[in-house]
Amino acid sequence: MTTIEERLRLLEDEQDILKTLYAYGHGIDYGLEADWLDCWHEDAVLQWPNRDPIKGHAALRAAFRVHTHAPTAFHKHVIVEPRIAIAGDRATAQTMFARLDRYKSGPALRSFGRYLDVLARCKDGRWRFTERICEREASRAETPIGAHPPA
């Protein structure tokens, strides 16, 4: 049986991990570079579909800067049903996602899939990604308003 302190710590860790998962979408959708970069451990790896892995803060910053953001392109990275497993100062999360975009015909789903994440509690207590793999399971061929075509 776990103590109340251990149970409380687990709940707080889950909430802090969720903050990181949410900050990813808010940051990339609205061009909040500093907030988005703060989601990542300095030597983290991001794997977007059909691209080489993006490794470390400098490469993450460069990838962020070429990604679309509001107000040029409005889109939403929406996450659903995260499954978080915590083991000490490391955690994994499997989270379904959908990306909504603007099209000439109106708003629509651009893609969906899941994120496979590894996170670590950093020295400042913040949970950050050490690895994020985006498994896109389906995407729309039509290019959204102001966006790059799907890779």
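**Aromatic cluster and sheet architecture**

Phe 64 is buried, with a relative accessible area of 2%. The model examined here is predicted. Trp 36 is likewise buried, at a relative accessible area of 0%. Both values fall below the 20% limit, so both residues count as buried.

A search of the whole structure finds eight aromatic pairs. In one of them, Tyr 24 and Phe 129 meet edge-to-face. Their ring centres are 6.2 Å apart, and 85° separates the planes. This pair links distant parts of the chain. Tyr 24 belongs to helix α1 and Phe 129 to strand β6, 105 residues apart. Tyr 24 is buried, and Phe 129 is buried too.

The rings of Trp 36 and Phe 64 form another pair. Here the centres lie 5.2 Å apart and the planes stand at 35°, so the pair is classed as tilted. An angle of 35° exceeds the 30 degrees limit for stacked rings but does not reach the range over 60 that defines edge-to-face, which is why the tilted class applies. Trp 36 sits in helix α2 (residues 33–37) and Phe 64 in helix α3. The two are 28 residues apart, and this pair also links distant parts of the chain.

Ring pairs join these residues into a cluster. The cluster contains Tyr 24, Trp 36, Trp 40, Phe 64, Phe 97, Tyr 115 and Phe 129. Arg 132 lies over the faces of two rings named in that cluster. Its distance from the ring centre is 4.3 Å for Tyr 24. For Tyr 115, the distance from Arg 132 to the ring centre is 3.6 Å.

The sheet comes next. Six strands form an open sheet with mixed pairing. Their order is β2-β1-β6-β5-β4-β3. Strands β2 (54–55) and β3 (75–87) stand at the edges; each has a single partner strand, so one side of each is left without a neighbour in the sheet.

Strands β3 and β4 are antiparallel and pair over 11 bridges. Ala 85 has Thr 92 of β4 as its bridge partner. Two residues lie between the strands in this hairpin, where Gly 88 takes a positive phi near 70°. Strand β4 (residues 90–103) also runs antiparallel to β5 (residues 106–121), with 14 bridges joining the two. Within β5, Gly 113 is the bridge partner of Phe 97, and Ala 108 stands opposite Asp 101. The hairpin from β4 to β5 passes through two residues.

Helices pack against this sheet. Helix α1 (residues 4–30) lies across β1 (40–47), β3, β4, β5 and β6 (127–139). The direction of helix α1 makes about 155° with β3. Helix α3 (residues 56–66) packs on the sheet and touches β1 and β2. The angle between the directions of helix α3 and β1 is about 55°.

Thr 95 gives a residue-level view of strand β4. At 1% relative accessibility, Thr 95 counts as buried. Neighbours within four places in sequence aside, Thr 95 is in contact with Leu 21, Ile 79, Val 80, Glu 81, Pro 82, Gly 113, Arg 114 and Tyr 115. Among these contacts, Tyr 115 is also a member of the aromatic cluster. Gly 113, another contact of Thr 95, is the bridge partner of Phe 97.

Technical notes: Residues numbered from 1 in each chain as written. Predicted model: local features only at pLDDT ≥ 70, side-chain atom pairs only at ≥ 80, totals over all residues. Heavy atoms only, no water. Pairing = 2+ DSSP bridges. Helix = DSSP H or I, 4+ residues; strand = E, 2+ residues; numbered from the N terminus. Contact = heavy atoms within 4.5 Å. Axes fitted to C-alpha atoms, helices over the stretch in contact; angles between N-to-C directions. Phe/Tyr/Trp six-rings, centres within 6.5 Å; stacked < 30°, edge-to-face > 60°. Buried < 20%, exposed > 50% of the residue type's maximum accessible area, 1.4 Å probe, protein only. Lys NZ or Arg CZ within 6 Å of the ring centre and 35° of its normal.
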